[in-house]
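This report describes selected local features of one protein model, taken region by region. It is meant to be read alongside the sequence and the structure shown below.

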Amino acid sequence: TFSTANPDDPNEVVVAYNDSRGLNASPLVISSVSVSNDGGLTFTRVTNASGQSPFPNTFGDPVVLYNKPTQTWFTVWLDGNAGCTLGGFKSTDPSDPNSWTHFCVHTNSADDRESGWADNNPASPFFGNMYISWNDFAVGAGALVVSRSTDNGSTWSSAITVANTGTFIRNTQITGDMSGNGTIYIAGMDEGGGGFPHNDTNLIYKSTDGGATWSNTYTGDPFPGPGVTSAGY
């Protein structure tokens, strides 16, 4: 699941999630949202006349973002529409199943594990930017990459490489500094080649220029624990 509250109206909360009710639909759809207009006390599943969600030919892995400058909601999924691999649907009225329109973030056959963040602080030098991070398994061992929108979701950049070291770094989550300085962070995990037992190495990548470039600096182990280390934040 992935949940976001509307910063302009905190009573409006949208939760995106995998939904297996559409496994036998044509086209298949296993992506849904539920909307609350009372601060999360109650939720309504958004369903169109077919009995399915309004996101046909999408395959879960949810992200839901709110773009404050345009007051628009964006969902991002594994997406089979219009040649996409990562894409989704956007709406200014998330409760209306007929209001959602499609957009594409990235076209590839090997994208997975996406996450997202929207910079909704008017004090930020990158106010309105939105960011999607994921693993691109067509590059290296599954390069950690980012696409950004600097025009409120009208267009999305080509993939920007964050990490492609020859070792798989799992995209865990992208987030940003809430103070308004525009800094973005991605939590990544080096699983040591997989298999068990293994030590996970936690990493933090940082961008201070609106996602154009990324750095990873070793600073020790701020998360000590059995079998867990951190290499950089």
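Contact, as the word is used here, means heavy atoms within 4.5 Å. The model is predicted, and every value that follows was computed from its atoms.

## The loop between β4 and β5

With that meaning of contact in mind, and leaving aside its neighbours within four places in sequence, Q52 is in contact with R21, G22, A25, V29, V46 and T47. Q52 is found in the loop between β4 and β5, and it counts as buried because its relative accessible area is 18%, where the cut-off for buried is under 20%.

S50 has its place in the loop between β4 (44-45) and β5 (63-67), but S50 is exposed, with a relative accessible area of 55%. The side chain of S50 takes part in a polar contact of 2.5 Å with the side chain of N48, and a polar atom of the S50 side chain lies 3.3 Å from the backbone nitrogen of Q52. Along the chain, S50 and A25 are 25 residues apart, while their C-alpha atoms are separated by 9.4 Å; A25 is also one of the residues in contact with Q52.

## S31 and its surroundings

S31 is found in strand β3 and is buried, with a relative accessible area of 1%. Its side chain makes a polar contact of 2.9 Å with the side chain of T58, and the side chain of S31 also reaches the backbone nitrogen of G60, at 2.8 Å.

Which residues does S31 touch, not counting those up to four places away in sequence? They are Y17, D19, S53, F55, T58, F59, G60 and W77, a list that includes T58, the partner of S31 in the side-chain polar contact, and G60, whose backbone nitrogen the S31 side chain reaches.

## Backbone geometry

Most residues other than glycine have a negative phi, and most peptide bonds are trans. Against that background, the bond that joins S26 and P27 is a cis peptide bond, with omega about 0°; P27 lies in the loop between β2 (9-18) and β3 (31-36).

Two asparagines have a positive phi: for N57 the value is near 60°, and for N152 it is about 65°. N57 has its place in the loop between β4 and β5, whereas N152 lies in the loop between β11 (143-149) and β12 (160-163). The relative accessibility of N152 is 26%, so this residue counts as partly exposed.

## Strand β14 and its partners

In a regular strand the side chains alternate between the two faces of the sheet. Strand β14 (residues 184-190) shows this alternation: I184, I186, G188 and D190 point to one face and are buried, while Y185, A187 and M189 point to the other face and are not buried.

How many bridges join strand β13 to β14? There are seven, and the two strands run antiparallel, with β13 spanning residues 169-176; I169 stands opposite D190 in β14. Seven bridges likewise join β14 to strand β15 (residues 200-207), and this pair also runs antiparallel. Within β15, the bridge partner of G188 is L203. G188 and D190, which are named in these pairings, both belong to the buried set of β14.

## The disulfide

A search of the whole structure finds one disulfide. It is formed by C84 and C104, whose sulfur atoms are 2.0 Å apart. The pair links distant parts of the chain, 20 residues apart, with C84 in the loop between β6 (72-78) and β7 (86-91) and C104 in strand β8 (residues 101-106).

The two cysteines fall into separate exposure classes: C84 counts as buried because its relative accessibility is 7%, while C104, with a relative accessible area of 30%, is partly exposed.

## The largest pocket

About 300 Å³ of space lies in the largest pocket. Of the 16 residues that line it, the closest to the centre of the pocket are T4, W117, A118, N120 and M178.

Strands β1 (2-6), β5 and β9 (111-118) each supply at least two residues of the lining of this pocket. The largest share of the lining, four residues, comes from β1.

Technical notes. Residues numbered from 1 in each chain as written. Predicted model: local features only at pLDDT ≥ 70, side-chain atom pairs only at ≥ 80, totals over all residues. Heavy atoms only, no water. Buried < 20%, exposed > 50% of the residue type's maximum accessible area, 1.4 Å probe, protein only. Polar contact = N/O pair within 3.5 Å; in protein donor to acceptor, adjacent residues only side chain to side chain. Pairing = 2+ DSSP bridges. Disulfide = S-S within 2.5 Å. 1 Å grid on protein atoms, 1.4 Å probe; cavity = no way out; pocket = protein on both sides within 12 Å on 5 of 7 lines; lining within 4 Å. Points joined across faces, edges and corners; volume = space filled by probe spheres on them.
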